[in-house]
Amino acid sequence: MEVPELPLRKIIHVDMDAFYASVAQLDDPSLVGKPIAVGGSGRRGVVSAASYEARKFGVRSAMAGALAAKLCPELIFVKTNFERYKEISDKVRKVFFEYTDLVEPLSLDEAYLDVTENKKGNPSASLIAQDIRAKIKKRTGLNASAGISINKFIAKVASDVNKPNGQKTVPPEEVLEFLEALDIKKFYGVGKVMKEKMYRHGIYTGLDLKGKSLEFLEEHFGKSGGYYYNIVRGIHTSQVKSERTRKSLAAERTFNENISSEIFMLEKLEHIADEVERRLKKSNVAGKTVTLKIKYSDFTLQTRSKTLALYIADKHLIMETVKELLFQEGMKNSVRLLGISMSNLNNDKKEVLKVSEEKKYDVQLKLEF
Amino acid sequence: MKFIVSSSYLLKQLQVLGGIINNNNTLPILDNFLFDLDGKSLTVSASDLETTVSSHLDVESSEHGKVCIPARLLLDTLKTFPEQPLTFTVEDNNTVEISSNHGKYALAYASGEEFPSAVDLKDPSSTVMQGDILATAISKTIFASGNDDLRPVMSGVFFQFSTESLTFVATDAHKLVKYTRNDVKATETAEFIMPKKPLNLLKSILAGSEDEVTIEYNESNAKFSFDNTVLISRLIDGKYPNYEAVIPKENPNQLSIDRNQFLNSVRRVSIFSNKTTHQIRLKIAGAELNISAEDIDYSNKAEERLTCDYQGDDMQIGFNSRFLTEMLNNLSSDEVSLEMSLPNRAGILTPVDGLDEGEVVTMLVMPVMLNA
């Protein structure tokens with residue numbers, strides 16, 4: 001069996017174990033070892049999470065509080081505390097960012113990490129996952145499980161395998177085998193309805209799914225047919241999308257010797273603009289506001305900025321504005337540091353006004369409602 | 001349940017109603033026409049949940065009942081018949097049998113009760129206008145409305161009724177059309193945003209119609225009744241942008257020109273414009289309008305000169321030629337006026353002649369900012 005020839009990535013899916021319930025147990029040690037259910041309004045509400053002790057009795061999330069209480073008479077209901085979850089979730093995310101910036105949070109308690117290239121230079125995603133889980137335990141006192149594989153889908157399925165407080169690696173050579181043996185209802189996106197539909201067509205495992213042709217799947221499952229066809233072959237190209245949005249992007253330089261001539265400053269600024277352009281392109285954003293930062297030899301700081309009508313990412317365009325700012329008024333003193341920063345970035349990508357390489361940027365204007 | 005109806009009469013009504021049926025419905029029942037028979041009176045309805053249209057037909061019958069008949073199948077069948085009476089009989093085995101001069105056809109039907117019922121308008125206000133006027137108002141404005149899901153209010157046409165006039169506005173933020181009728185009035189002021197789909201249907205049914213249309217409306221729905229048809233549509237929820245604020249008041253530069261000549265020149269020149277920006281350049285000096293376009297990628301270039309009437313400073317302004325053609329095309333006057341202030345402010349296009357009494361048309365188009 002051959003693994004599809006795609007650039008191999010290393011994806012970790014980290015999932016906190018019974019997150020809400022564990023947080024409740026963390027904050028109130030008397031709850032440890034007891035079946036608890038987290039839900040908005042006690043018995044009248046709906047269970048939004050259950051501790052492992054409660055799960056033994058069949059208590060599940062989204063179950064009516066009354067039913068849960070019936071299944072497990074000892075069940076203790078605790079209130080949700082989203083601020084606290086957020087606080088802990090932030091701590092957990094900080095751990096992630098120590099390893100990679102490619103973090104895609106799915107909710108407060110789970111996230112995908114792309115560690116193909118990571119900040120620790122550690123080639124083993126399994127070891128990274130172990131590290132991350134240990135750090136989470138140390139800093140928050142909570143257990144996390146992890147799944148490690150070549151794409152988001154398999155990583156997510158794998159994180160469930162050795163839950164709680166465990167991890168599972170599906171290395172590239174085992175991917176196909178793993179998927180073939182997988183129960184169809186464990187496939188991400190297969191809910192109750194889809195499960196029944198699959199069962200009706202005699203699809204119970206990954207292997208059954210693999211036996212169906214693309215045409216068959218598309219005919220019976222519509223657009224998602226293609227998705228299932230690929231996924232069971234280990235093909236899932238969805239990227240880990242980090243949602244961290246940049247507010248600004250800058251580059252600056254401190255000089256060995258203080259400069260007093262604008263001509264020399266321009267020369268330095270050219271280099272800085274190069275760097276800004278490179279970073280803008282790397283992040284695939286453009287900015288509207290150009291800020292020139294000037295630190296004088298007496299360490300006083302001055303910033304001059306200008307907001308343009310359109311987003312720019314091109315060095316020449318940045319320099320045009322920088323020049324304007326530089327000559328806006330005379331220098332008070334000799335200069336020890338210069339910097340250029342771009343803010344008002346088009347992170348939403350909604351209003352991207354394409355700035356072409358050549359200087360022929362004509363822009364369709366809009367009515368300003 | 002049984003009735004006899006003329007095939008072409010039925011087809012004509014159903015084709016109108018069919019316009020509202022979506023191609024891929026989430027609710028399978030919406031793929032049907034609802035036939036509601038009450039003696040000699042048959043009401044046929046179609047719905048997409050947003051809009052429900054019903055038409056009333058006179059048929060030969062003495063029975064009552066309600067069934068849903070698959071729309072596509074029925075339309076396809078009816079289209080093939082030469083004019084003749086058709087007998088519809090609802091059989092016990094869950095099928096409707098149609099018998100024609102040629103033979104018999106059975107269609108599975110669903111219970112009439114499954115069809116979603118149209119909303120009941122609570123405490124509506126109402127206005128009456130001539131069908132043709134409404135159709136004109138729609139066709140003058142609807143092309144300017146947007147398709148942006150992020151700003152749903154701009155995907156419809158804004159109806160603004162007052163005791164002095166009725167105004168219809170559509171915009172996609174690049175162009176804007178305001179169509180006012182001072183000769184039609186409402187009993188009280190009201191504002192609502194109608195989605196495009198039902199308006200397109202109304203436009204096609206009402207074009208040239210002298211029937212009176214009664215428009216009833218409240219905060220959430222509008223109902224259009226005329227002749228034998230009733231259309232009820234959900235309104236687009238939200239606040240329409242303050243369009244008056246973007247219409248420039250001071251426009252010292254005034255160009256007036258033969259509409260057809262201008263339109264033809266723009267069309268020809270735009271063929272040479274960049275295929276993504278469709279951008280053309282107007283240079284106006286003295287009594288000469290120079291229209292040019294260039295596609296640098298392919299070294300295509302065109303330039304035309306027209307004589308015009310111009311009051312104002314020499315100026316140069318860029319436009320998306322598609323917007324200009326759409327707008328010029330939508331007007332019917334011999335001559336148009338284009339008022340401008342600066343190359344980065346909206347141009348105002350108005351017809352100089354050919355308007356009906358009480359009709360006012362104002363079109364706005366935002367320029368393309370030219371770099372050089």
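This passage describes the fold of chain A, the interface between chains A and B, and a set of paired strands in chain B of a predicted model.

Chain A is considered before its interface with chain B. In chain A, the secondary structure amounts to 13 helices and 13 strands. Of the 369 residues in chain A, 44% are buried. When the contacts in chain A between residues at least 6 apart in sequence are taken together, 63% of these contacts join residues that lie at least 24 apart.

The interface between the two chains brings 12 residues of chain A into contact with 26 residues of chain B. The area buried between chain A and chain B comes to about 1500 Å², and carbon and sulfur atoms give 63% of that area. On the side of chain A, 46% of the area buried against chain B is supplied by A:Q364, A:L367 and A:F369, which is more than any other three residues supply. The residues of chain A that touch chain B comprise 5 nonpolar, 1 polar and 6 charged residues. Although 6 of these residues of chain A are charged, 0 salt bridges are found across the interface of chain A and chain B. Polar contacts between chain A and chain B, by contrast, number 4 residue pairs, with both residues of each pair at pLDDT 80 or more.

Strand pairing also links the two chains. Strand β13 of chain A, which covers residues 363–364, is joined by 2 bridges to strand β27 of chain B, which covers residues 368–369, and these two strands run antiparallel. Within this pairing, A:V363 stands opposite B:M369 of β27(B), while A:Q364, which lies in the residue range of β13, is one of the three residues named above for their share of the area that chain A buries against chain B.

Within chain B, strand β19 (residues 279–285) takes part in pairings with two other strands, β23 and β20. With strand β23 (residues 315–320) of chain B, β19(B) forms an antiparallel pair joined by 6 bridges, in which B:L282 has B:I317 as its bridge partner. With strand β20 (residues 288–295) of chain B, β19(B) pairs over 5 bridges, again in the antiparallel sense, and here B:R281 stands opposite B:S292 of β20(B). In a regular strand, side chains alternate between the two faces of the sheet. The strands β19(B) and β20(B) form a hairpin with 2 residues between them, and in this hairpin B:G286 adopts a positive phi near 60°.

Notes: Residues numbered from 1 in each chain as written. Chains lettered and ligands numbered in written order. Predicted model: local features only at pLDDT ≥ 70, side-chain atom pairs only at ≥ 80, totals over all residues. Heavy atoms only, no water. Contact = heavy atoms within 4.5 Å. Buried area = accessible area lost by both parts, 1.4 Å probe. Salt bridge = Lys/Arg side-chain N within 4 Å of Asp/Glu carboxyl O. Polar contact = N/O pair within 3.5 Å; in protein donor to acceptor, adjacent residues only side chain to side chain. Nonpolar A, V, L, I, M, F, W, Y, C, P; charged D, E, K, R; others polar. Pairing = 2+ DSSP bridges. Helix = DSSP H or I, 4+ residues; strand = E, 2+ residues; numbered from the N terminus. Buried < 20%, exposed > 50% of the residue type's maximum accessible area, 1.4 Å probe, protein only.
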